[in-house]
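Q: Here is a protein model to look at. Can we go through the words used to describe it, one at a time?

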Amino acid sequence: MKLYSYFRSSAAYRVRIVLNLKHINYDTVPVHLVKDSGQQHSIAYLAINPQGLLPCLDVAAPGSKAQIITQSGAIIEYLEERFPQPSLLPTSLIERAYVRSLMHIIACDMHPVNNLRVLHYLEEHFDCNKAEKIRWYHHWLAKGFAAIETLLARKGSTHYCYNEQVTMADVYLIPQVYNALRFNFDMTPYPAIRHIYQHCMQLPTFSQAAPEQQPDAE
Ligand SMILES: N[C@@H](CCC(=O)N[C@@H](CS)C(=O)NCC(=O)O)C(=O)O
């Protein structure tokens, strides 16, 4: 498999964790989100992913015509269905929904508003300076993390978002926290999230997927 990735992309980071958890070998195809005014906007990359976003995964057998999956959520669900073990979802239907609720807080309500292209748009069309962009970024992080923290506390989570099992919720949470820390967001008010982050980052499947471990890391 070929993962189109950028070391700092948190959506690509999610997929890297899942590939590691499921012991799937893959090659990284780096697409630099900043260099050349963003290689994701190049004609060559748009032919692969018309959204101009990372990640995407080519699941074709070597030597066959490309079979590209875009959107980290679709990639992760594909990998879960194709390689069911170890499962990244609980068995009970209601608990699966719980895990997906946590995932969607991040995937739908936190990450998209803080994406690179949104921050660029704020700068270009609303004259936002760096400090204002950070305020925006931190505001949406705080909203999302507060809700996640409450849900985790209600559940009595300790090492993972759900029981003693790695699930897709951890796969989404860890890259989001990594990014928050990179942008100097204060994680003090979220002890349950911090605990899960510290625990997961000790696992090689998570730490080896981290940005600084990637072949394109700078
Ligand atoms: N919903 C998409 C989001 C993908 C996304 O926003 N990727 C970011 C990197 S984390 C990106 O490629 N940004 C490029 C840009 O904003 O121009 C997914 O989960 O795959």
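A: Start with burial. This is a predicted model. Of the 218 residues in the chain, 33% are buried.

Q: What makes a residue count as buried?
A: The test is a count of neighbours. A residue is buried if 20 or more other C-beta atoms lie within 10 Å of its own. In this chain, 33% of the residues pass.

Q: How do you know how compact the chain is?
A: Set two values side by side. The radius of gyration is 17 Å, and the globule rule gives 17 Å for 218 residues. The values are close, so the chain is as compact as a globular protein of that length. Its C-alpha atoms fill a box of roughly 50 × 45 × 30 Å along the principal axes.

Q: Which helices and strands does the chain have, and in what pattern?
A: It has nine helices and four strands. Along the sequence they run β-α-β-α-β-β-α-α-α-α-α-α-α.

Q: What makes the largest nonpolar core a core?
A: Its members must be buried, of the listed nonpolar kinds, and joined through C-beta atoms within 7 Å. Here that set has 53 residues. Val-18, Met-168, Ala-169, Leu-173 and Ile-193 touch the most other members. Several elements supply at least two core residues each, including β1 (2–5), α4 (93–110) and α7 (168–182). Domain 1 (2–85) and domain 2 (93–205) each give at least three.

Q: How do you know which residues Ala-169 touches?
A: Contact requires C-beta atoms within 7 Å. Leaving out residues up to four places away in sequence, Ala-169 touches Val-99, Leu-102, Met-103, Cys-161 and Tyr-162.

Q: Where do domain 1 and domain 2 lie, and what does each give to their contact?
A: Their C-alpha centres are 21 Å apart. Eleven residues of domain 1 and 13 residues of domain 2 make the contact. On the domain 1 side, α1 gives the most, with eight residues. That side divides into seven nonpolar, three polar and one charged.

Q: Which residues come nearest to the ligand?
A: There are 15 residues around the ligand, and Ser-9, Leu-53, Ser-72, Leu-116 and Arg-117 come nearest. Two or more shell residues come from each of α1 (10–21), α3 (72–82) and α5 (116–126).

Q: What kinds of residue make up the shell around the ligand, and which domains give them?
A: By class, the shell has six nonpolar, eight polar and one charged. Domain 1 and domain 2 each supply at least three of its residues.

Methods
Residues are numbered from 1 along each chain as its sequence is written. This is a predicted model: local features need pLDDT of at least 70, side-chain atom pairs count only at pLDDT 80 or more; totals for chains, interfaces and linings use all residues. A residue is near a molecule or strand if its C-beta atom, placed from the backbone, lies within 6 Å of it. Ala, Val, Leu, Ile, Met, Phe, Trp, Tyr, Cys and Pro count as nonpolar, Asp, Glu, Lys and Arg as charged, and the others, Gly among them, as polar. Domain bounds come from an automatic or database domain assignment. A residue is buried if 20 or more other C-beta atoms lie within 10 Å of its own, exposed if 12 or fewer, and partly exposed in between; C-beta atoms are placed from the backbone. Two residues are in contact if their C-beta atoms, placed from the backbone, lie within 7 Å. The radius of gyration is taken over C-alpha atoms; the globule rule is 2.2 Å times the number of residues to the power 0.38.
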